[in-house]
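Trainee: I should like to learn how the features of a protein model are read. May we work through one example together?

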Amino acid sequence: LLAGTQGARYGVAVDRDLGVVEGPDLTVLALPNIAAKPWLPAAVVTKGKIFLLVDSNVFTAPEDTPVDRPEQAVFIPASLFPTQFLKTDTAIVEFSLLGMRHAVPQEEMKDDLALLPFVPVPGTPEIVLGVAELQGELLPVLDLAALCGRRTPIGKNSRMMHLVNGDFHALVITDEVAGSRQLNVETQR
């Protein structure tokens, strides 16, 4: 594949040419911080498909020039759960992962979704399966089973939970979302 910027031409080895993405409905969206790299800062979204966007500076930056890395974002949680736990009854949403039941505070679950299409992003932490587009924003797709050195099997019944805590938004893969219930103080531990 031939590519170029500023009059220079570069050859990139590829398995096959998949064509050109163009049209009026293209949207360029920044990758979430957990998935972004200096050479891979964004993606193009069109007709429900996500195409990772390699920054043209990958071709033009001299080898001895240090890469300007964006400052790693620090997420600021805004959950009431720590102040409620063991003190008041708390609403939770239960979900299944690798055959085990888990829960998240209901206030942190924005939505229960069917599996959205997502694309893997190279060089991300093991917990990040890729990114998916939701309501005009690219969100990281997380597999919590990676924290135990495993992978959640993805099937036709798999779900995604859209979790929000402060300025952190993510889609978490689950086997199923079982629903919400009150967790009274006596059962909290």
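Mentor: Let us begin with Ala3, which is found in strand 1. Please keep in mind throughout that this model is predicted.

Trainee: How exposed is Ala3, in terms of relative accessibility?

Mentor: The class depends on two cut-offs: a residue is buried under 20% relative accessible area and exposed over 50%, with partly exposed in between. Ala3 has 28% relative accessibility, so it counts as partly exposed.

Trainee: How far apart are Ala3 and Ser56 in sequence and in space?

Mentor: The two residues are separated by 53 residues in sequence, while their C-alpha atoms are 9.1 Å apart in space.

Trainee: Where does Leu1 lie, relative to strand 1?

Mentor: Leu1 belongs to the segment before strand 1, which covers residues 2–3. Its relative accessible area is 53%, and because exposed means over 50%, Leu1 is classed as exposed. On the surface, Leu1 forms a nonpolar patch with Val12 and Val14. Together these residues have about 230 Å² of accessible area.

Trainee: May we turn to sheets? In what order do strands 3, 4 and 5 stand?

Mentor: A general idea is useful here: in a regular strand, side chains alternate between the two faces of the sheet. As for the order, this open sheet of three strands reads 3-4-5, and its pairing is antiparallel. Strand 3 (27–30) and strand 5 (49–53) are at the edges; each has a single partner strand, so one side of each lacks a neighbour in the sheet. From one strand to the next, the twist averages 30°.

Trainee: How many bridges join strand 3 to strand 4?

Mentor: Four bridges link strand 3 with strand 4 (residues 42–46), and the two run antiparallel. As an example of a residue pair, Val28 has Val44 in strand 4 as its bridge partner.

Trainee: Which strands stand at the edges of the open sheet with the order 7-6-13?

Mentor: This is an open sheet of three strands with antiparallel pairing. Its edge strands are strand 7 (100–105) and strand 13 (176–183), each of which pairs on one side only. The twist averages 30° from one strand to the next. Strand 6 (residues 90–97) is joined to strand 7 by six bridges, in an antiparallel arrangement. Here Leu97 stands opposite Met100 in strand 7.

Trainee: Is strand 11 mostly covered or mostly uncovered?

Mentor: Strand 11 (residues 159–165) is mostly covered, with five of its seven residues buried. Five bridges connect it to strand 8 (residues 109–114), and the two strands run antiparallel. In that pairing, Asp111 has His162 of strand 11 as its bridge partner.

Trainee: How many bridges join strand 11 to strand 12?

Mentor: Seven bridges join strand 11 to strand 12 (residues 168–174), again in antiparallel fashion. Asn165 stands opposite Phe168 in strand 12. The hairpin of these strands has two residues between them, and Gly166 takes a positive phi near 65° there.

Trainee: Finally, is Ser158 buried or exposed?

Mentor: Ser158 sits in the loop between strand 10 (137–142) and strand 11. Its relative accessible area is 6%, and because buried means under 20%, Ser158 is classed as buried. The side chain of Ser158 reaches the backbone nitrogen of Gly155 at 2.8 Å.

Key:
Residues are numbered from 1 along each chain as its sequence is written. This is a predicted model: local features need pLDDT of at least 70, side-chain atom pairs count only at pLDDT 80 or more; totals for chains, interfaces and linings use all residues. Side-chain values use heavy atoms; hydrogens and water are left out. Two strands pair if DSSP finds at least two bridges between them. Axes are lines fitted to C-alpha atoms, for helices over the stretch in contact, and angles run from 0 to 180 degrees between N-to-C directions. Patches are made of residues with over 30% relative accessible area and no salt bridge: like charges are joined within 9 Å, nonpolar side chains (Val, Leu, Ile, Met, Phe, Trp, Tyr) within 5 Å. Accessible areas come from the Shrake-Rupley method with a 1.4 Å probe; for residues, only the protein chains shown count as cover. A salt bridge is a side-chain nitrogen of Lys or Arg within 4 Å of a carboxyl oxygen of Asp or Glu. Buried means under 20% relative accessible area, exposed over 50%, partly exposed in between (1.4 Å probe, protein chains only). A polar contact is a pair of N or O atoms within 3.5 Å; within protein, one must be able to donate a hydrogen and the other to accept it, and residues adjacent in sequence count only if both atoms are side-chain atoms.
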